[in-house]
Each structure stands twice: as C-alpha cells, then as structure tokens.
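Work through the exercises below with the sequence and the model open. Each task is followed by a worked solution.

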Amino acid sequence: MYFLGLGLLLLGMKFMKVSPVVSWPWLAVLAPFGFAALWWWWADSTGYTKKKVMQRENAKRQARIDRTKEAIGTLNRKKRH
C-alpha cells in the first residue's frame, strides 16, 4: 500500500511539474507501481495475506470471548488469582 501511495504522489508531482520530479524519467516515476504489483504477487503466493487475515480474525474472536467472560464475571475472577 505504501508503494501505491508513493507512486500516486510521484505521478501527481510529475503532472504538476514539481521541481525535482519533473526532470526524472517516467520509469523512475512509475517504478513504485511495479513494486506494489510485485509485493501483492509475493504476499498472495506465499500465503502472507491469508496469515494476516487469520491473525486479525483470531484476535477479534479472542476479544469477543474476553468481553463475554468479563460480562458474566468469570474473566475477572481468573485474573485475580
């Protein structure tokens, strides 16, 4: 996502003719988009994306369980001992 943001920033700067970026070649301005595509390909092919989704889901699940236990009073009792 950072590569995509950087690419959009550089592209906007190139079109608005901002001083250092206007003299850069188009390949340098568009390179972050290529890096973003490579990142997404790598994350999907290695399972990194799926692993992060599962971690977030497990954290939400555990937070829900803790809230429920706290609401019925069993979580506080275990933490005190």
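**Exercise 1. Place alanine 59 and alanine 63, and state how far each is exposed.**

Step 1. Alanine 59 is found in helix 4; helices (H or I, at least four residues) and strands (E, at least two) are DSSP runs, numbered from the N terminus.

Step 2. Alanine 59 counts as partly exposed because its relative accessibility is 47%. The classes are buried, under 20% relative accessible area; exposed, over 50%; and partly exposed in between, with a 1.4 Å probe and protein chains only.

Step 3. Between the C-alpha atoms of alanine 59 and alanine 36, 23 residues apart along the chain, the separation is 27 Å.

Step 4. Alanine 63 also has its place in helix 4, which covers residues 48–72. Its relative accessibility is 32%, so alanine 63 counts as partly exposed. From alanine 63 to lysine 52, 11 residues apart along the chain, the C-alpha atoms are separated by 17 Å.

A note on the source: this is a predicted model, in which local features need pLDDT of at least 70, side-chain atom pairs count only at pLDDT 80 or more, and totals for chains, interfaces and linings use all residues. Residues are numbered from 1 along each chain as its sequence is written, and side-chain values use heavy atoms, with hydrogens and water left out.

**Exercise 2. Describe the overall form of the chain.**

Step 1. Count the elements: the chain has five helices and zero strands. Along the sequence the pattern is α-α-α-α-α.

Step 2. Compare the radius of gyration with the globule rule. The radius is taken over C-alpha atoms, and the rule is 2.2 Å times the number of residues to the power 0.38. The chain has 23 Å, whereas a compact globule of 81 residues would have a value near 12 Å.

Step 3. Take the spans: along the principal axes, the C-alpha trace covers about 65 × 30 × 15 Å.

Step 4. Look at burial and contacts. Of the 81 residues in the chain, 11% are buried. Among contacts (heavy atoms within 4.5 Å) with a separation of 6 or more, 29% are between residues 24 or more positions apart.

Step 5. Turn to the surface. About 6900 Å² is exposed by the chain, and carbon and sulfur atoms supply 66% of it; the areas come from the Shrake-Rupley method with a 1.4 Å probe, and for residues only the protein chains shown count as cover.

**Exercise 3. Which side chain of opposite charge is nearest to lysine 14, and how far away is it?**

Step 1. Locate the residue: lysine 14 is in helix 1, residues 2–15.

Step 2. Lysine 14 is buried yet has no salt bridge, a term for a side-chain nitrogen of Lys or Arg within 4 Å of a carboxyl oxygen of Asp or Glu. The nearest side chain of opposite charge is aspartate 44, 30 Å away.

Step 3. List the contacts, leaving aside neighbours within four places in sequence: lysine 14 touches Val21, Val22, Trp24, Trp26 and Val29.

**Exercise 4. Follow the chain from helix 1 to helix 2, and decide whether valine 21 is buried or exposed.**

Step 1. In helix 1, leucine 6 counts as partly exposed, because its relative accessibility is 38%. Leucine 6 and leucine 30, 24 residues apart along the chain, have C-alpha atoms separated by 9.6 Å.

Step 2. Lysine 17 is in the loop between helix 1 and helix 2. Its relative accessible area is 62%, so lysine 17 is exposed. Phi of lysine 17 is near 60 degrees, a positive value in a residue other than glycine.

Step 3. Valine 21 belongs to helix 2, residues 19–22. Valine 21 counts as buried because its relative accessibility is 2%.

Step 4. With neighbours within four places set aside, valine 21 contacts Leu10, Met13, Lys14 and Val29. The C-alpha atoms of valine 21 and leucine 10, 11 residues apart along the chain, are separated by 7.0 Å.

Conventions
Lys and Arg count as positive and Asp and Glu as negative; His and the chain ends are not counted.
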